[in-house]
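Biologist: Please bring up the model. I would like to go through its charged pairs and then a few of its side chains.

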Amino acid sequence: MKMQRNIRLKLEEVKDFVEMASRFSFDIDISYNHYVVDAKSILGVYGLDLTKPLTVSCNGYDPVFDAYLRDLAAA
């Protein structure tokens, strides 16, 4: 099951986001425009423009992670 959510991350939320994404065995990517990085890579996530909305793409589903992403949802 493929799922996409738009989120906003603050600099201080990156570590928690990567730790949360790393708990799940399915692939999770995070992107902005044409830059796509592994959401489980702290350096990759820090390399994105955190002032813009980001898109999280998951090749799996977990209700805990989905609820976490909703909390980070871009308005």
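Modeller: First a definition: a salt bridge is a side-chain nitrogen of Lys or Arg within 4 Å of a carboxyl oxygen of Asp or Glu. This is a predicted model, with pLDDT of at least 70 needed for local features and 80 or more for side-chain atom pairs, while totals for chains, interfaces and linings use all residues. Residues are numbered from 1 along each chain as its sequence is written, and side-chain values use heavy atoms, leaving out hydrogens and water.

Biologist: Which element has the highest mean pLDDT?

Modeller: pLDDT is the predictor's confidence in each residue, from 0 to 100. The chain has a mean of 94, and 97% of its residues reach 70 or more. Elements are DSSP runs numbered from the N terminus (helices: H or I, at least four residues; strands: E, at least two). Among them, the lowest mean, 94, belongs to strand S1 (residues 3-7), and the highest, 97, to helix H1 (residues 14-22).

Biologist: How many residues apart are Arg5 and Asp66?

Modeller: Arg5 and Asp66 form a salt bridge, with their closest N and O atoms 2.8 Å apart. The pair links distant parts of the chain: Arg5 sits in strand S1 and Asp66 in helix H3 (residues 63-71), and their separation is 61 residues.

Biologist: Which residues are linked with Arg5 in a network of salt bridges?

Modeller: Asp66 also forms a salt bridge with Arg70, again with a closest N to O distance of 2.8 Å. These two are four residues apart in helix H3, so about one helical turn separates them. The network therefore consists of Arg5 together with Asp66 and Arg70.

Biologist: Is Asp66 buried or exposed?

Modeller: Buried means under 20% relative accessible area, exposed over 50%, and partly exposed in between (1.4 Å probe, protein chains only). Of the partners of Asp66, Arg5 is partly exposed at 28%, and Arg70 is exposed at 53%. Asp66 has a relative accessible area of 2%, so Asp66 is buried.

Biologist: Which residue meets Lys15 in a salt bridge?

Modeller: A search of the whole structure finds three salt bridges. In one of them, Lys15, partly exposed at 47%, has a partner that is partly exposed at 39%. The two are four residues apart in helix H1, and so about one helical turn apart. At an N to O distance of 3.2 Å, the partner of Lys15 is Glu19.

Biologist: Which residue shares a side-chain polar contact with Ser57?

Modeller: Ser57 lies in strand S4 (residues 54-58) and is buried, since its relative accessibility is 11%. Contact means heavy atoms within 4.5 Å; leaving out residues up to four places away in sequence, Ser57 touches residues including Asp27, Ile28 and Asp29. A polar contact is a pair of N or O atoms within 3.5 Å, within protein one able to donate a hydrogen and the other to accept it, with residues adjacent in sequence counted only if both atoms are side-chain atoms. At 3.0 Å, the side chain joined to that of Ser57 is Gln4.

Biologist: What is the relative accessibility of Ser31?

Modeller: Ser31 is in strand S2 (residues 28-32). Beyond four places in sequence, Ser31 touches Val36, Leu54 and Thr55. Ser31 counts as buried because its relative accessibility is 14%.
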